[in-house]
Amino acid sequence: MYTHNGQDIFVVDGHMHLWDASPENQLPPHGKNWIDCFYAYHSGLSPADAKWPYEKFCQYGEAALIDDLFIQGYVDVGILNSTYLYEFYKNGFNSHHQNNALKAKYPERFLLNGSFDPRAEEAGLEEFRHMVEQYPIAGLKLYTAEWRQGSKGWRLNDPWAYRYFELCQELGITNIHVHKGPTVYPLSRDAFDVHDVDDAATDFPALNFIVEHVGLPRLDDFCWIATQEKNVYAGLAVAMPFIHPRPRYFAEIMANLLFWLGPDKLLFGSDYAIWTPKWQIEKLMAFELPDDIRQEYGVELTLETKRKILGENAARLYGIDPAVHREKLRRDVLGVHLATATADPAGAEAFPVASVQEHA
Amino acid sequence: MKAARLYAYDEHMQVDLTLEMVPEPTITAADEVIVRDGAAGLCRTDLHIIEKAVNAGIPFAEAFAAEGGGDLATLRETFLRKGFLSRQARLLRRLKDAGLTAADICALRIGDLSFAGDTCLAPCAGRQPVEVGPADTAHRYLQRRADLGLDGSPTGPLITDLQDQPLTVERLEAHVTRARTVRLSLEANGALCRAVLAARQTQAHDMWFLGPIKSFQ
C-alpha cells in the first residue's frame with residue numbers, strides 16, 4: 001500500500017519472481033551466463049543504494065522478497081510470473097511448483113501464474129490440465145524464446161499454441177502475460193519479436209494479452225499492435241526502471257503508451273528481483289511528464305492514471321476489488337506485522353520468515 | 001604418406017592444389033616440429049565464400065542457408081523505411097520549433113530549403129526564411145528519400161509519406177505521431193546496441209545502457 005496525501009493507493013506488482021540461480025542450481029554454461037546478463041540489467045539501471053551484491057542476486061530467498069515487496073516496497077499483491085529455463089537450471093529458474101510454496105504461505109499476497117510450452121504438443125495439453133487442477137493458477141506467463149531440445153523458440157500463432165489457447169478458454173484462464181522485446185543472453189532476440197501477438201490477440205478476443213516489457217526497445221511495433229487489438233495490454237516491467245537513469249526516455253515511453261493505448265491498459269511490474277519495487281514506485285509517484293512532451297503528445301500522467309497503472313488496472317483484469325482485498329490484507333500475517341511496525345516503528349522487529357525451502 | 005600441396009592461388013581463388021605421395025617428415029633442425037592432426041573441421045560458410053557466393057550477388061539467405069533467418073533485402077528495406085520516418089520526425093520537430101504551422105510545412109518544396117554554413121533555412125508563411133536547425137538534419141532526411149527512390153527534385157514536396165504522397169494539413173498530425181514513435185524506438189535500439197557492445201568489450205556490468213547517449217537526457 002502506498003499512501004499519497006492521506007490517500008491509499010492499491011499496488012499490484014504485475015511481474016515478480018523468486019528465483020534460484022545459485023551455482024548449485026546452474027547448468028553450464030548458460031545458467032551462469034543468464035544470471036550474469038540479469039545482473040547487468042540490475043546494476044545498469046538501479047540507483048546506487050538499491051544495488052545488490054552479485055551473490056545475493058543469484059539467490060536472495062523468501063525473507064528478502066517479503067521485505068522488499070511488502071514491508072519496504074508498498075506492494076499489496078504480487079503476480080508470480082513463473083519462468084522455467086530447465087535447460088539452464090537443474091530445478092528450473094522459478095517454476096510454478098516452487099512459486100506455489102510462497103502462494104500457499106501468503107495466499108492473499110500472491111497470484112500464481114503458470115505457463116505452457118506448445119512444443120510439448122499433445123502430452124503438454126494433459127500436463128497443462130493437471131497444473132490447473134492442482135495449483136491455484138490465476139493466469140499464465142509465456143516465454144517464447146525458451147530453449148527446448150534444440151529449438152530456440154516458438155510463436156504464439158503456431159498451430160499447437162492455438163490448441164493451448166483454446167484450452168485456456170475452456171479452463172477459464174484469461175490473463176496471458178507474454179515476454180516480448182528485450183532479450184537475455186543467450187536467448188534469440190527474434191523469438192521475442194512482438195508480431196505474433198497480433199494474430200493471437202485477434203483470434204482469441206476473450207483472452208487478455210499483457211505484453212511484458214512492451215516490446216522494448218521496439219516500442220513502435222508494440223504500439224501499432226496494441227492500438228488495433230483491444231485485448232492487448234502493456235506490462236511496464238523493464239520500462240519502469242529507465243525512470244532513474246533515463247527519465248527523458250521513460251517520459252517518452254509513457255507518453256507513447258498513454259497516447260496509443262490510454263491509461264486503462266498499462267500495468268505496473270517491478271520485475272523483482274532484477275529491480276526492487278520501492279524506488280520504482282516512489283519515483284513514479286513523484287514523476288511528471290516534461291512540458292514539451294505533454295504538449296507534443298497531448299497526454300497527462302495524472303494521479304488518477306498513476307493509481308490505475310500501479311494497481312487498479314491489474315485488479316480489474318484479475319477480478320480483485322481493491323477495497324475488499326485491502327481488508328483481507330490487513331488481517332493476514334504481513335498485514336498484522338505492518339500495522340504493528342507502523343504503530344511503533346522503533347520497537348518493530350524484522351518480519352520473521354522461515355525459508356521457503358522448509359515449507360516446500 | 002599422402003599430402004595435399006598448395007602451390008599457387010590468385011584473387012579469384014584459382015588454386016594449384018595437388019594430392020601427392022611424399023616421404024614421412026623428419027626433424028632436421030633445432031627449430032622444427034612435427035604436428036600430428038587428430039581431426040580437422042570445415043566451415044560450410046567458408047566454402048560459400050570461396051565459391052564467390054557473395055561477390056556473385058547470390059542472396060544472403062541462399063549463400064548462408066545454415067545461418068540466415070531470412071532475406072537481408074527485406075530487413076534492409078525495413079531499416080530504410082523506419083530510418084526515413086525517424087529522420088523526417090527530427091526535421092518536422094525542427095520546422096515546428098522554428099514556428100512553421102502545419103500549413104507552412106505541407107506547402108514546403110524541397111527547393112525551398114536553403115543552407116547557410118551548418119544551418120538550414122526554410123520560408124515561413126512567405127516571409128524571410130527562418131533557421132530550422134542544423135543542415136545535417138535536412139541532409140540526412142534528403143539522403144533517405146534518395147535511398148528509397150522518392151522524388152528529390154527541387155519542385156517536389158518536402159514532406160511526404162512512404163508512398164511519396166504529399167501530406168495534407170489534416171493528415172500531418174497523425175503522420176507525425178507515428179513517425180515520432182518510430183524515432184524513439186530507433187534511438188533506443190541504437191542506444192541498447194551501443195551499450196551492449198560496450199559491455200561486451202569491457203566485460204563490466206555497469207556499462208549496460210549507460211553509454212553516452214545524449215538524445216535521451
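**Sheets, helix packing and local backbone geometry in chains A and B**

From the N terminus on, the elements of chain B follow the order β-β-α-α-α-α-β-β-β-α-α, and its secondary structure amounts to six helices and five strands. The model is a predicted one, and the values reported below are computed from it. Of the 217 residues in chain B, 18% are buried, and among the contacts of this chain with a separation of 6 or more, residues 24 or more positions apart account for 45%.

At the start of chain B, strand S1 (residues 2-9) is joined to S2(B) by seven bridges, and the two run antiparallel. Within this pair, Tyr9(B) stands opposite Val15(B) of S2(B). Strand S2 of chain B, which comprises residues 15-21, is hardly covered, since the count of buried residues among its seven residues is zero.

Three further strands of chain B form an open sheet with antiparallel pairing, arranged in the order S3-S4-S5. Strand S3 (114-116) and strand S5 (130-134) of chain B occupy the edges and have a single partner strand each, so that one side of each is left without a neighbour in the sheet. Neighbouring strands of this sheet are turned against each other by 40° on average, direction ignored. The antiparallel connection of S3(B) to strand S4 (residues 119-122) of chain B is made through three bridges, and Phe115(B) stands opposite Cys120(B) in S4(B).

In chain A, an open sheet of eight strands has parallel pairing and the order S3-S4-S5-S6-S7-S8-S9-S10. Its edge strands are strand S3 (12-16) and strand S10 (266-267) of chain A, each of which pairs on one side only. Although S3(A) is an edge strand, five of its five residues are buried, so this strand is largely enclosed by the rest of the structure. S3(A) pairs in the parallel sense with strand S4 (residues 77-81) of chain A over three bridges, and the bridge partner of Val12(A) in S4(A) is Val77(A). Elsewhere in the sheet, strand S6 (residues 137-142) and strand S7 (residues 175-179) of chain A run parallel and are likewise joined by three bridges; here Leu142(A) has Val178(A) of S7(A) as its bridge partner.

Helix packing in chain A is illustrated by helix H5 (residues 121-134) and helix H6 (residues 159-171), which pack at an angle of about 25° with their axes 11 Å apart. H5(A) and H6(A) are therefore roughly parallel to each other, the angle lying under the 35 degrees that set the limit for this class. The crossing of H5(A) past H6(A) is right-handed. On the side of H5(A), the contact is made by Glu121(A), Leu125(A), Phe128(A) and Val132(A), while H6(A) contributes Trp160(A), Arg163(A), Tyr164(A), Leu167(A) and Leu171(A). By class, the residues of this contact of H5(A) with H6(A) divide into seven nonpolar, no polar and two charged.

A charged residue in a buried position is found in helix H12 (residues 303-317) of chain A, where Lys306(A) lies. With 21 C-beta neighbours inside 10 Å, Lys306(A) counts as buried, given that the cut-off is 20 or more. Leaving aside residues up to four places away in sequence, Lys306(A) touches Leu284(A), Met285(A) and Leu301(A). The C-alpha atoms of Lys306(A) and Leu266(A) are separated by 9.5 Å, the two residues being 40 residues apart along the chain.

Several loops of chain A show backbone geometry that merits separate description. Most residues other than glycine have a negative phi, and most peptide bonds are trans. Pro28(A) and Pro29(A), however, are joined by a cis peptide bond with omega of about -5°, and Pro29(A) is found in the loop between S3 and helix H1 (30-45) of chain A. The peptide bond from Tyr185(A) to Pro186(A) is also cis, with omega near 5°; Pro186(A) has its place in the loop between S7 and helix H7 (196-203) of chain A.

Positive phi values occur at Gln149(A), where phi is near 50°, and at Asp271(A), where phi is about 65°. Gln149(A) lies in the loop between S6 and H6 of chain A and is exposed, with 6 other C-beta atoms within 10 Å. Asp271(A), by contrast, is buried, with 27 other C-beta atoms within 10 Å, and is found in the loop between S10 and helix H10 (277-286) of chain A.

Methods
Residues numbered from 1 in each chain as written. Chains lettered and ligands numbered in written order. Predicted model: local features only at pLDDT ≥ 70, side-chain atom pairs only at ≥ 80, totals over all residues. Pairing = 2+ DSSP bridges. Helix = DSSP H or I, 4+ residues; strand = E, 2+ residues; numbered from the N terminus. Axes fitted to C-alpha atoms, helices over the stretch in contact; angles between N-to-C directions. Parallel < 35°, antiparallel > 145°, perpendicular 65-115°, else oblique. Left-handed = near helix turned anticlockwise from the far one by under 90°. Contact = placed C-beta atoms within 7 Å. Buried ≥ 20, exposed ≤ 12 C-beta atoms within 10 Å, placed from the backbone.
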